[in-house]
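Open the model in your viewer and keep the sequence panel visible. This tour goes from one selection to the next and says what is there.

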Amino acid sequence: VQLQASGGGLVQAGGSLRLSCVASGSIFDINGMGWYRQAPGKQRELVADIKNSDGIYYLDSVKGRFTISRDNAKNTVFLGMNSLKPEDTAVYYCNAGIKEYSGSSYSNYWGQGTLVTVSS
């Protein structure tokens, strides 16, 4: 199983970006998909996730600006980011809980990270 993230880049404050992450390989079911970020010198934090049973979570500082969505048919999760701020600058990682076979348990997988830089 692999997660491939894309969509990062350099944007001015107030701008927008859309991140995408596609899961591929042996996939029987995906429980949840989400996005974390890690800024230089800081711990990785959960930005948003979307689960089959528990709905959607957003970090308080991104509520109203970021939107997470999923295309289950394509095993893809998106993160729409509007009104970006310099403090949103970080490497963004996608994450998914994936069951590879009907008899297996869910395992946690990470994408490679995509850099988002917001200039002031």
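Select residues 76-81, which make up strand S8. In this predicted model, S8 is mostly covered, with 5 of its 6 residues buried. A residue counts as buried when its relative accessible area is under 20%.

Keep S8 selected and add strand S3, residues 17-24. S3 and S8 run antiparallel and are joined by 6 bridges. To see one of the pairings, pick Leu17, whose bridge partner in S8 is Met81.

Now add strand S7, residues 66-71. How many bridges pair S7 with S8? There are 6, and the pairing is again in the antiparallel sense. Two positions are worth picking out. Ser69 has Phe78 as its bridge partner in S8, and Asp71 stands opposite Thr76 in S8.

**The sheet as a whole**

Add strand S1, residues 2-6, to the selection. Which strands form the open sheet, and in what order? The order is S1-S3-S8-S7, 4 strands with antiparallel pairing. S1 and S7 are the edge strands, each pairing on one side only. From one strand to the next, the twist averages 15 degrees. Turn the view until you look along the strands and follow that order across.

**The turn between S7 and S8**

Zoom in on the hairpin of S7 and S8, where 4 residues lie between the strands. Select Asn75, which sits in the loop between S7 and S8. Most residues other than glycine have a negative phi. The phi of Asn75 is near 50 degrees, a positive value in a residue that is not glycine. Is Asn75 buried, partly exposed or exposed? Its relative accessibility is 24%, so Asn75 counts as partly exposed.

**The loop after S8**

Go to the other end of S8 and select Ser83, in the loop between S8 and S9. Ser83 is not a glycine either, yet it has a positive phi of about 50 degrees. With a relative accessibility of 40%, Ser83 counts as partly exposed.

With Ser83 still shown, select Gly14. Gly14 belongs to the loop between strand S2 (9-12) and strand S3. What does Gly14 touch, apart from its neighbours within four places in sequence? Gly14 is in contact with Ser83 and Leu84. For a distance to check in the viewer, take the C-alpha atoms of Gly14 and Asn82: they are separated by 7.0 Å, although the two residues are 68 residues apart along the chain. Gly14 has a relative accessible area of 51%. Exposed means over 50%, so Gly14 is exposed.

**The disulfide**

Return to S3 and show the side chains of Cys21 and Cys94. These two residues form a disulfide, with their sulfur atoms 2.1 Å apart. Cys21 lies in strand S3 and Cys94 in strand S9 (residues 90-99), so the pair ties together parts that are 73 residues apart in sequence. The structure holds 1 disulfide.

Which hand does this disulfide have? The torsion about the S-S bond of Cys21 and Cys94 is about 50 degrees, so the disulfide is right-handed. Now switch on a surface and look for the two cysteines. Cys21 is buried, at a relative accessible area of 0%. Cys94 is buried as well, with a relative accessible area of 0%.

**Zoom out**

Clear the selection and show the whole protein chain. It has 11 strands and 0 helices. From the N terminus on, the elements therefore read as β-β-β-β-β-β-β-β-β-β-β. Along the principal axes, the C-alpha atoms fill a box of roughly 50 × 25 × 25 Å. The radius of gyration is 14 Å, which agrees with the value near 14 Å for a compact globule with 120 residues.

Finally, colour the chain by burial. Of the 120 residues, 41% count as buried. The protein chain exposes about 6300 Å², and carbon and sulfur atoms supply 47% of that area. Contacts can be shown too: among those with a separation of 6 or more, 55% are between residues 24 or more positions apart.

Note on methods. Residues are numbered from 1 along each chain as its sequence is written. This is a predicted model: local features need pLDDT of at least 70, side-chain atom pairs count only at pLDDT 80 or more; totals for chains, interfaces and linings use all residues. Side-chain values use heavy atoms; hydrogens and water are left out. Helices (H or I, at least four residues) and strands (E, at least two) are DSSP runs, numbered from the N terminus. Buried means under 20% relative accessible area, exposed over 50%, partly exposed in between (1.4 Å probe, protein chains only). Contact means heavy atoms within 4.5 Å. A disulfide is a pair of cysteine sulfur atoms within 2.5 Å. Two strands pair if DSSP finds at least two bridges between them. Axes are lines fitted to C-alpha atoms, for helices over the stretch in contact, and angles run from 0 to 180 degrees between N-to-C directions. The radius of gyration is taken over C-alpha atoms; the globule rule is 2.2 Å times the number of residues to the power 0.38. Accessible areas come from the Shrake-Rupley method with a 1.4 Å probe; for residues, only the protein chains shown count as cover.
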